Amino acid sequence: MQIHVYDTYVKAEDGHTMHFDVFTAVKDDQKAVEYAKQWLTSIGESNAVVTSRECSFCHSQSAPANVIDEITKNGFYIYKMEGC
């Protein structure tokens, strides 16, 4: 499966920067932003500002089985990096 990676940087409520990638099966900028908001809400950061400015398409690549399973189940996968 080919996935699309959206590089995302948002400010958390306490002011620190959260850096994560949104992986999706469909290259759709607005969907990626929606998925980022959905995940942020699930971790208690519903007030974080996320637009296509904070969540932008980076590249496409193949994905390992666990990522594909998560995308098939939920529509997206969050790859946490800094500050998450």
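# A walk through the sheet, the helices and the rings

Start by selecting His19, which has its place in strand β2. This is a predicted model, so keep that in mind as you click around. Is His19 buried or exposed? With a relative accessibility of 8%, His19 counts as buried. Now show what surrounds the side chain and backbone here. Leaving out neighbours within four places in sequence, His19 is in contact with Asp7, Thr8 and Tyr9, and also with Lys80, Met81, Glu82 and Cys84.

**The host strand**

Widen the selection to the whole of β2, residues 17–24. Seven of the eight residues of this strand are buried, so β2 is largely enclosed by the rest of the structure.

**Zoom out to the fold**

Switch to cartoon and colour by secondary structure. You should find two helices and four strands in the chain. Follow them along the sequence and the pattern reads β-β-α-β-α-β. The radius of gyration is 12 Å, close to the 12 Å from the globule rule for 84 residues, so the chain is as compact as a globular protein of that length. Along its principal axes, the C-alpha trace spans about 35 × 20 × 20 Å. Colour by accessibility next: 35% of the 84 residues count as buried. If you like contact maps, take the contacts between residues at least 6 apart in sequence: 59% of them join residues at least 24 apart.

**Across the sheet**

Hide the helices for a moment. In what order do the strands lie in the sheet? The order is β3-β1-β2-β4, in an open sheet of four strands with antiparallel pairing. β3 and β4 (76–80) are the edge strands, each pairing on one side only. Look down the sheet and you can see the turning: on average, neighbouring strands are at 30 degrees to each other, direction ignored.

Now step through the pairings from one edge to the other:

- β3 with β1: seven bridges, in the antiparallel sense. Pick His4 and look across to its bridge partner in β3, Ser60.
- β1 with β2: eight bridges, again antiparallel. Lys11 is a good one to select here, standing opposite Thr17 in β2.
- β2 with β4: five bridges, with the strands running antiparallel. Select Phe23 and you will find Tyr77 of β4 opposite.

Before leaving the β1–β2 pair, go to the turn. The two strands form a hairpin with five residues between them, and Gly15 in that turn has a positive phi of about 100 degrees.

**Bring the helices back**

Show α1, residues 29–42. This helix packs on the sheet and touches β1, β2, β3 and β4, with its direction at about 125 degrees to that of β2. Then show α2, residues 65–74, which lies across β1, β2 and β4. The angle to check for α2 is the one with β4, at about 130 degrees.

**The rings**

Select the aromatic side chains and draw ring centroids. A pair of aromatic rings is described by the distance of the centres and the angle of the planes. Counting centres within 6.5 Å, there are five aromatic pairs. Take Tyr6 and Phe57: the centres are 5.6 Å apart and the planes stand at 70 degrees, so this pair is edge-to-face. The two rings link distant parts of the chain, with Tyr6 in β1 (residues 2–11) and Phe57 in β3 (residues 55–62), 51 residues apart.

How does accessibility look on each side of that pair? Tyr6 counts as buried at 0% relative accessibility, whereas Phe57 is partly exposed at 30%. Stay on Phe57 and add Lys27 to the view. The charged end of Lys27 sits over the Phe57 ring, 4.2 Å from the centre.

Then go back to Phe23, the residue you picked in β2. Which residues join Phe23 in an aromatic cluster? Tyr77 and Tyr79 do, the three forming one cluster.

**Last stop: a loop**

Finish at Ile43, in the loop between α1 and β3. Ile43 is partly exposed, with a relative accessible area of 39%. Draw a distance from its C-alpha to that of Lys27, the residue you met above the Phe57 ring. Ile43 and Lys27 are 16 residues apart along the chain, and the two C-alpha atoms are separated by 24 Å.

Key: Residues numbered from 1 in each chain as written. Predicted model: local features only at pLDDT ≥ 70, side-chain atom pairs only at ≥ 80, totals over all residues. Heavy atoms only, no water. Phe/Tyr/Trp six-rings, centres within 6.5 Å; stacked < 30°, edge-to-face > 60°. Buried < 20%, exposed > 50% of the residue type's maximum accessible area, 1.4 Å probe, protein only. Lys NZ or Arg CZ within 6 Å of the ring centre and 35° of its normal. Pairing = 2+ DSSP bridges. Axes fitted to C-alpha atoms, helices over the stretch in contact; angles between N-to-C directions. Contact = heavy atoms within 4.5 Å. Rg over C-alpha atoms; globule rule 2.2 N^0.38 Å.
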